[in-house]
Amino acid sequence: MNKRLKWSSLVLLATTMLVTACSNGGSSNQAANNGNNIQSSKQTTQTVSDTVADKDPVTIEFMGHGNPNEKGIFEKLIASFEEKYPHVTVKYTSVPPGEYSQKLTTLISSGKAPDVFYVGGSEFYRFAEAGTVLNVQPYLNETDLFDPDNVWSQALDRYRYDGAKVGSGDLYGLPKDVGPWAFVYNKDLFDDKGITPPSAVAGEWTWDDLLDAAKQLTVDENGDGKPEQYGVAAYSLESAVWANGGNFIDYDTGQVLVNEQAFYDAMQFVADLTLVHGVSPNVEAEQSMNGYTRFLNGQLAMFAMGPWDQPAFWELPFNWDIAAWPASPTTGETATWLGSMGFAISNKSKHPQEAFDLAAFLSLDEYGQRQNYELGQAVPNLIDLSKGEFLASDKAPASRQVFLDIIEDYGRPDVPAFSKDTQWIDLFWQQASRVWNGEVSAQQFTAEIQPKMQELYDKFNK
C-alpha cells in the first residue's frame, strides 16, 4: 500500500545509526490489562488447538509482499496461527512489491495460485469478476470470529462484489488492513524554530499555514538552491485535489474530472511548492535522495506515513507525530486517501476451510489483530480494539486518533479502488512529471490529458 520504494534506506539507517525506541512501554495498569487480554487469547487458542489436534495434517500456501520488516511480522503471526491450528502448516512466500503482481498473475494463469494471497484495488475487481477468488461469505456465516458491526465497513466494502461492481454484495476477501495515509512531521524541527506544529484536528491547519511553516523550515546554507533541509516532500496530490473540492473521476457516471478548476488549481499548488517556493525537493533532488530517506535522516520537516511505517519510525532519534492533512483555504476541507490490501482465497484451493482459517486469523482474530498492531503493522480491523487499547497505547504517534479520524471521517478510497483496469490513471501519473518539472501548467496538462484518460477508461472499464 505504500507508494514508495523505501526499504533500502532502512538497511542504511540500521547500519549507520544506533537509536532507541521512542517509547519505553505502557503504564503498569495498561501492561496488566494487556497481559490479561493475551492470557485470555492464549486460553482460547489452546481450546481451539485441542479441537483440531486430531485432524489430518494440511499444508497451505500463502503469498504476500512487503519489506523485510513486514515479512518478519507475518512470520510471527503465522507462527501464532500454526500454534492455534497445529494440523496446518503454512508455506509463506514474501515477494518484492515490484514483482508481486506479475508473479501472482503468472501463478493464477498456470493453475498454481497460492491458497491465500494479497489482493487489492483493480486486481480484486478483475479476480472477483473472473471467479478466481472464493466467495467467503458462507464461511463467515459459520464462524464466531466475524462480527460485521465490529469491523471497519470502510475496509470490508473494498472486498464486496455483487456480480457487477465492487462495494456491495458478498465478501470475496477479507481486509489485511485499512491504511490511513497521515501527515507526519518532525516535532523537534518545529520546536527548534518555535513554530506551531500542524493540528491533529481536521480543518485547523491550511495550505497557507503549511507554506509559512515550510519556508521557515527549509534550510539552504550555501544559497545554491540545493537545501540541506526541506520543509515538505511528496505532498499528496489526492489530498490536495479532494480537499479543494475536486476529484479524479465520478465512478457513478464514468466521467474523468481532472480538467476541472478545483483539480488543476490543487495540482498547481502542489507543483508550486517546488517550482515557486522551493520548499519541496524537485525531481532531481528526489532522485538523489527520496523524501522517505530525508525524513529518516532528520532532513525533512513534513512528509506522509501509513501505520505500516511505525516500526521504522519508532527507532528514530527525534520526536515525531501525525496531523490532519492541511485544509484547502478555498473550501476549509481536509481529505486524504484510505488504502487497503486484502486476503483472498483461491477458488481452486484444495483446502478452502484451512485457507479461510488463516485469512480470518490474520484479519479478524483478536489475538492476531493485537499482535499486528503491537508489532506496528496496522490499525486493527476490529473497531473495539482500535478505539480501546490501540488508541490508549503510549507509543508514537501521540496523536494516533488521527488514524481513526481518517478512517471514519475524511479518508477516501485510493483513486483506482473501483476500476478493473487502471490504464486511465496510470497514464496520468506517467505524464504528471510535465507539471512537476514546470514544462506545462496544471491547467494545460489536465486539458490535454483528460480526453486520453477518458478514452482509456471507457474502453477498458465500461
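Biologist: Hey, which strand do 2 bridges join to S12, and which way do the two run?
Modeller: That's strand S9, residues 230-232, and S9 and S12 run parallel. Keep in mind that this is a predicted model.

Biologist: Okay, and what stands opposite leucine 300 in S12?
Modeller: Tyrosine 230 does.

Biologist: What about S8 and S12, how many bridges do they pair over, and in which sense?
Modeller: Strand S8, residues 182-186, pairs with S12 over 4 bridges, in the antiparallel sense. One pair to look for there is alanine 182 with its bridge partner in S12, methionine 305.

Biologist: How many residues of S12 are buried?
Modeller: 6 of the 6 in strand S12, residues 300-305, are buried, so the strand is largely enclosed by the rest of the structure.

Biologist: Switching to helices. At what angle do H19 and H21 pack?
Modeller: About 155°, with the axes 7 Å apart. H19 covers residues 423-431 and H21 covers residues 442-461. Since an angle over 145 degrees counts as roughly antiparallel, that's what H19 is relative to H21.

Biologist: Is their crossing left-handed or right-handed?
Modeller: The crossing of H19 and H21 is right-handed.

Biologist: Cool. Which residues meet there?
Modeller: From H19 you've got Gln423, Trp424, Ile425, Leu427, Phe428 and Gln431. They meet a set in H21 including Phe445, Ile449, Lys452, Met453 and Asn461.

Biologist: And how many in that contact are nonpolar, polar or charged?
Modeller: Between H19 and H21, there are 10 nonpolar, 3 polar and 1 charged residues in the contact.

Key:
Residues are numbered from 1 along each chain as its sequence is written. This is a predicted model: local features need pLDDT of at least 70, side-chain atom pairs count only at pLDDT 80 or more; totals for chains, interfaces and linings use all residues. Side-chain values use heavy atoms; hydrogens and water are left out. Axes are lines fitted to C-alpha atoms, for helices over the stretch in contact, and angles run from 0 to 180 degrees between N-to-C directions. Angles under 35 degrees count as roughly parallel, over 145 as roughly antiparallel, 65 to 115 as roughly perpendicular and the rest as oblique. A crossing is left-handed if the near helix is turned anticlockwise from the far one by less than a right angle, and right-handed if clockwise. Contact means heavy atoms within 4.5 Å. Ala, Val, Leu, Ile, Met, Phe, Trp, Tyr, Cys and Pro count as nonpolar, Asp, Glu, Lys and Arg as charged, and the others, Gly among them, as polar. Buried means under 20% relative accessible area, exposed over 50%, partly exposed in between (1.4 Å probe, protein chains only). Two strands pair if DSSP finds at least two bridges between them.
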